Amino acid sequence: MALSNRLFDFERVDELLAAADPLPRCGRVLRASKHMITIDLPGVRVGQQVAIGNGTTQRLGEVVAVEQRRALVMPYSNMSGVSAGMNCEARAQVDRVAVGEAFLGRVIDPLGQALDGMEDPVGEARRALRSEAPNPFTRRRIDTPMPVGVRVVDALCTLGEGQRVGIFAGSGVGKSTLLGMMARHAKCDAVVIALVGERGREVREFIERDLGPEGRKRAALVVATSDKSPVLRIRAAEYAVALAEHLRDQGKSVLFLMDSITRYAHALREVGLASHEPPATRGYPPSVFAAIPALLERLGNAEGAGSITALVTVLVEGDDLDEPISDTVRGVLDGHLVLSRALAEQAVWPAFDPLVSLSRLATSVASEEHLQAAQKLRTLLARYNNAEELIRLGAYTLGSDAEVDFMIENRPKVLELLCQSASEESNFSATVEALIGLLEGAP
């Protein structure tokens, strides 16, 4: 007689089987340095956690490379006091983390421990930290607009629910403030934020100033500051993705924000070089360019009703949009929003450059009238930019170009549409109507 599946907790069985290891589970430290521990521990796997030491002095690390009986372990914390000959013990092979709605409104570290002064959140389920991306044939198509509450983005680079987009900018151009606006105003059920490699000072500023009480209520934050071990910085991004995946599987519309994918790549580079991987492009080992798509492909839509709309910031080195990480991320994502330092210096906020920004799915989620108006405004902005130097010098003659004349006359209205204070919320329908109305009578 067939037994009902409901009699068994198959997820729990999987955990127990994964934890069971017929090979020896204990070993010893062979060599210790500040950033890497060499251990003799047969049977461990890359990505598995290892505890070094005994009792209250135990320290955790993660296996980053394996060669026969030996393994390289990168510690999660300071390894002062670790010496050759100390005991070490492997943890469960399948790394599962707590997930659930209990994490909304909370700030945690990459190990799931609370950073906000409260008790550690208790998840409603456990999920594999590193899972596979959804089958491409089961992904639901993106056909619904995702208003993010930033007028210039909703008007000129309309995003879709389940789209993945990069925010490309140099340092100090307003990425964090823009993320805070989206976290507060976007039309979604929940927000998951990964702060990877941020300065410790900026974390509290982002939470209290940019995110605010309103945004924090529905947001789960995973934080690993720049002083943390590179394996913890990597884990912070992976934990945040696992949280977003769980909420998506519960049917929720999730906004995933990550600041920044560049510092995630830097952490991957540190781990790769420390495990003797050869450097390739600008010092990045090949594993970096494999890990970035693997992480980003987990985001987006799956086969259920839920979705993950992802916006990840890319810290452009030297304002070079073609440097290796920027180029790799742009090739994986479904669009790019570029923040311009020149616009920021002119006090244009957000410093969004519509002439080089692109949403690849705008044609699938915006109306035909909206698309035509957005394209017309881009054309007018481009014509005005070409003539701007002549206008400033007083060498431009009215009547020479009807499109430039229209922009000269209506530039205050255009700036009113494209500029927005950090505290201001915009309505998607009103934004589209204002865009179409602005261009009435345009040549």
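Colleague: Six strands close into a barrel here, but in what order?

Modeller: This is a predicted model, in which local features need pLDDT of at least 70 and side-chain atom pairs count only at pLDDT 80 or more, while totals for chains, interfaces and linings use all residues. Residues are numbered from 1 along each chain as its sequence is written, and side-chain values use heavy atoms, leaving out hydrogens and water. Strands (E, at least two residues) and helices (H or I, at least four) are DSSP runs numbered from the N terminus. The pairing in the barrel is antiparallel, and the strand order is 1-2-5-4-3-6.

Colleague: Nice! By how much are neighbouring strands of this sheet turned against each other on average?

Modeller: The six strands of the barrel pair in the antiparallel sense. With direction ignored, the average turn between neighbours in this sheet is 40°.

Colleague: And which residue in strand 6 is the bridge partner of Cys-26?

Modeller: Strand 1 (residues 26-32) pairs with strand 6 (residues 87-90) over three bridges, in the antiparallel sense; pairing takes at least two DSSP bridges. Within strand 6, Cys-26 is bridged to Glu-89.

Colleague: On to the helices: how is helix 6 oriented to helix 7?

Modeller: Helix 6 (residues 261-274) packs against helix 7 (residues 286-296) at about 135°, with the axes 10 Å apart. Axes are fitted to C-alpha atoms over the stretch in contact, with angles from 0 to 180 degrees between N-to-C directions. Angles under 35 degrees are roughly parallel, over 145 roughly antiparallel, 65 to 115 roughly perpendicular and the rest oblique. Helix 6 to helix 7 is therefore oblique.

Colleague: How many residues are nonpolar in the contact of helix 6 with helix 7?

Modeller: Contact means heavy atoms within 4.5 Å. Ile-261, Tyr-264, Ala-265, Leu-268 and Arg-269 of helix 6 meet Val-288, Ala-291, Ile-292, Leu-295 and Leu-296 of helix 7. One residue in this contact is charged (Asp, Glu, Lys or Arg) and none is polar, leaving the nonpolar class (Ala, Val, Leu, Ile, Met, Phe, Trp, Tyr, Cys, Pro; the others, Gly among them, are polar). The nonpolar count is nine.

Colleague: How do helix 11 and helix 13 lie to each other?

Modeller: Helix 11 (residues 368-393) and helix 13 (residues 428-438) have axes 9 Å apart, at an angle of about 55°. Helix 11 residues including His-370 and Leu-377 meet helix 13 residues including Phe-428 and Ile-436. The two helices are therefore oblique.

Colleague: How is helix 12 oriented to helix 13?

Modeller: Helix 12 (residues 402-418) packs on helix 13 at about 175°, with the axes 11 Å apart. That makes helix 12 to helix 13 roughly antiparallel.
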